[in-house]
Amino acid sequence: MLTVFRMVLIPVFVTLLFYRRFSLALAVFILAGLTDGLDGLLARRFGQQSQLGTVLDPIADKLMLVTAFIVLSMRSIFPQPVPNHLPVPFWVTVAVISRDVFIIVGAAAINIMTGFRGFRPSWLGKLNTTVQIGGIAAIMFAASVPYYTGYYLPTVYVAVFGLAVLSGLHYIFFASRLMNEDRKHGVPLESASEGLEN
């Protein structure tokens, strides 16, 4: 239920951005993050993990992040004159989306060809997601308070871009290691859907 609620927040988040309610959009984004953490905590605490939840949880996270980067790349959603270092540069958004598409397509291809389903997030992938979440929050804060805040955005963009590229390349070797371990032990690892979180 919490994961579905987080997915329902996505159109609310986009609508608030469209109407330039950046402070409210930031609040919705933070609420989505809190429900994400609460979802995992409750599932572990009460033993209510489910296969559906395992699939939907990373999808909800990625939908929120990708949607945020796409919308914040549009110059038209910002007031005129556009605040410094906004909108989000196109090359940052392309890196974020391309990385996820690359991993999802690659995982699907491997699954079809070999039947391997033991994909799971890497530590660098988790760091990448954390930086993206912090980056979106920092970008929306700069949009909410356009004066004396945008100076840090170029650093945010470089960090998001660099980690997207680095974690995407790293996952090639990480997935290869998972496949080798699976062959040695013959025991399936975690669900393939968790590869979305890498």
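**Starting from one exposed valine**

Val158 is exposed, with a relative accessible area of 54%. The label follows because exposed here means over 50%, and Val158 comes in at 54%. Bear in mind as you look around that this is a predicted model.

Where does Val158 sit in the fold? Its place is in helix α6. That helix runs over 153–185, so you can pick out Val158 by following α6 in the structure above.

Now look at the company Val158 keeps. Together with Trp91, Phe102, Phe161, Val165, Leu169, Ile172 and Phe173, Val158 makes a nonpolar surface patch of about 790 Å². Which helices supply at least two residues each to that patch? They are α4, spanning 90–114, and α6. Helix α6 gives the largest share, with six residues.

Step back from the patch and take in the whole chain. The protein has six helices and zero strands, and reading along the sequence gives you the pattern α-α-α-α-α-α. If you were hunting for a sheet, then, you can stop: the strand count is zero.

How do those parts come together? Take the contacts between residues at least 6 apart in sequence: 79% of them join residues at least 24 apart. As for what is covered up, 42% of the 198 residues count as buried.

Finally, the outside. The protein exposes about 10,900 Å², and carbon and sulfur atoms supply 70% of that area. Val158 is one of the residues you'll find exposed there, as part of the nonpolar patch where you can pick out Phe161 and Trp91, among others.

How values were computed:
Residues numbered from 1 in each chain as written. Predicted model: local features only at pLDDT ≥ 70, side-chain atom pairs only at ≥ 80, totals over all residues. Heavy atoms only, no water. Patch = residues over 30% accessible without salt bridge, like charges linked within 9 Å, V, L, I, M, F, W, Y side chains within 5 Å. Areas by Shrake-Rupley, 256 points an atom, 1.4 Å probe, with all protein chains shown as cover. Salt bridge = Lys/Arg side-chain N within 4 Å of Asp/Glu carboxyl O. Helix = DSSP H or I, 4+ residues; strand = E, 2+ residues; numbered from the N terminus. Buried < 20%, exposed > 50% of the residue type's maximum accessible area, 1.4 Å probe, protein only. Contact = heavy atoms within 4.5 Å.
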